[in-house]
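These notebook entries record what I looked up in one structure. I begin with terms and the overall layout and then turn to particular sites.

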Amino acid sequence: MTKQLIVRVHKDGTIDAETIGMHGAECLDYFEALEDLLGASTAASAYTADYDRATADDEWHNVDHDHTQGHGG
């Protein structure tokens with residue numbers, strides 16, 4: 001999936017941003033860069049399902065899936 005940072009600027013000057021295709025804390029780097037560019041700070045934030053999915057994906061990749069190790073040879 002392509003990584004995206006979607007930024008919406010409202011008439012009152014407030015800005016909303018959301019990430020798509022980023023997992024875990026990876027998205028936080030993008031928001032930090034956006035804050036630096038805008039000279040702004042985050043007023044409110046929430047994690048999406050992608051943040052939690054990264055934890056499950058990371059655990060899957062950290063498990064030894066090569067079941068041939070230790071079986072003689």
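**Entry 1: terms and burial.** I first fixed the word "buried": a residue is buried under 20% relative accessible area, exposed over 50%, and partly exposed in between. The model I examined is predicted. I then looked up the share of the chain that is buried, and found that buried residues make up 11% of its 73 residues.

**Entry 2: layout.** I listed the secondary structure and found two helices and two strands. Following the sequence, I read the order as β-β-α-α.

**Entry 3: the strands.** I looked up how the strands are arranged. Strand β1, residues 4-9, pairs with strand β2, residues 15-20, in the antiparallel sense, and the pairing runs over six bridges. Within this pairing, I noted that V9 stands opposite I15 in β2. The two strands form a hairpin with five residues between them. In the turn I found G13, whose phi is positive at about 95 degrees.

**Entry 4: salt bridges.** How many salt bridges does the count give? The count comes to two.

I took up R8 and E18, whose side chains meet in a salt bridge at 2.7 Å, N to O. This pair joins distant parts of the chain, with R8 in strand β1 and E18 in strand β2, 10 residues apart. I checked the accessibility of both partners. R8 has 36% relative accessibility and therefore counts as partly exposed. E18, at 32%, is likewise recorded as partly exposed.

I then looked up E26 and K3, whose side chains form a salt bridge with an N to O distance of 2.4 Å. Here too distant parts of the chain are linked: E26 belongs to helix α1 and K3 to the segment before β1, 23 residues apart. E26 is partly exposed because its relative accessible area is 24%, and K3 is partly exposed at 46%.

**Entry 5: the nonpolar patch.** On the surface I found a nonpolar patch of about 630 Å², made by L5, V7, V9, I15, Y30, L37 and L38. Strand β1 and helix α1, residues 26-38, each supply at least two residues of this patch. I chose L5 for a closer look and placed it in strand β1. Is L5 buried or partly exposed? Its relative accessible area is 33%, so I entered L5 as partly exposed.

**Entry 6: the largest pocket.** I recorded a volume of about 620 Å³ for the largest pocket. Its lining has 23 residues, and A17, F31, T42, A44 and S45 lie nearest the centre. The elements that give two or more residues to this lining are β2 and α1. Which element gives the most to the lining? I found that α1 does, with six residues.

I followed A44 further and located it in the loop between α1 and α2, the latter spanning residues 49-62. A44 has 69% relative accessibility and so counts as exposed. I also compared its position with that of D16: the two are 28 residues apart in sequence, and their C-alpha atoms are 9.7 Å apart in space.

**Entry 7: a residue of α2.** Last, I looked up R53, which sits in helix α2. R53 is partly exposed because its relative accessible area is 39%. Its C-alpha atom is separated by 6.8 Å from that of H23, although R53 and H23 are 30 residues apart along the chain.

Definitions and conventions: Residues numbered from 1 in each chain as written. Predicted model: local features only at pLDDT ≥ 70, side-chain atom pairs only at ≥ 80, totals over all residues. Heavy atoms only, no water. Pairing = 2+ DSSP bridges. Helix = DSSP H or I, 4+ residues; strand = E, 2+ residues; numbered from the N terminus. Patch = residues over 30% accessible without salt bridge, like charges linked within 9 Å, V, L, I, M, F, W, Y side chains within 5 Å. Areas by Shrake-Rupley, 256 points an atom, 1.4 Å probe, with all protein chains shown as cover. Salt bridge = Lys/Arg side-chain N within 4 Å of Asp/Glu carboxyl O. Buried < 20%, exposed > 50% of the residue type's maximum accessible area, 1.4 Å probe, protein only. 1 Å grid on protein atoms, 1.4 Å probe; cavity = no way out; pocket = protein on both sides within 12 Å on 5 of 7 lines; lining within 4 Å. Points joined across faces, edges and corners; volume = space filled by probe spheres on them.
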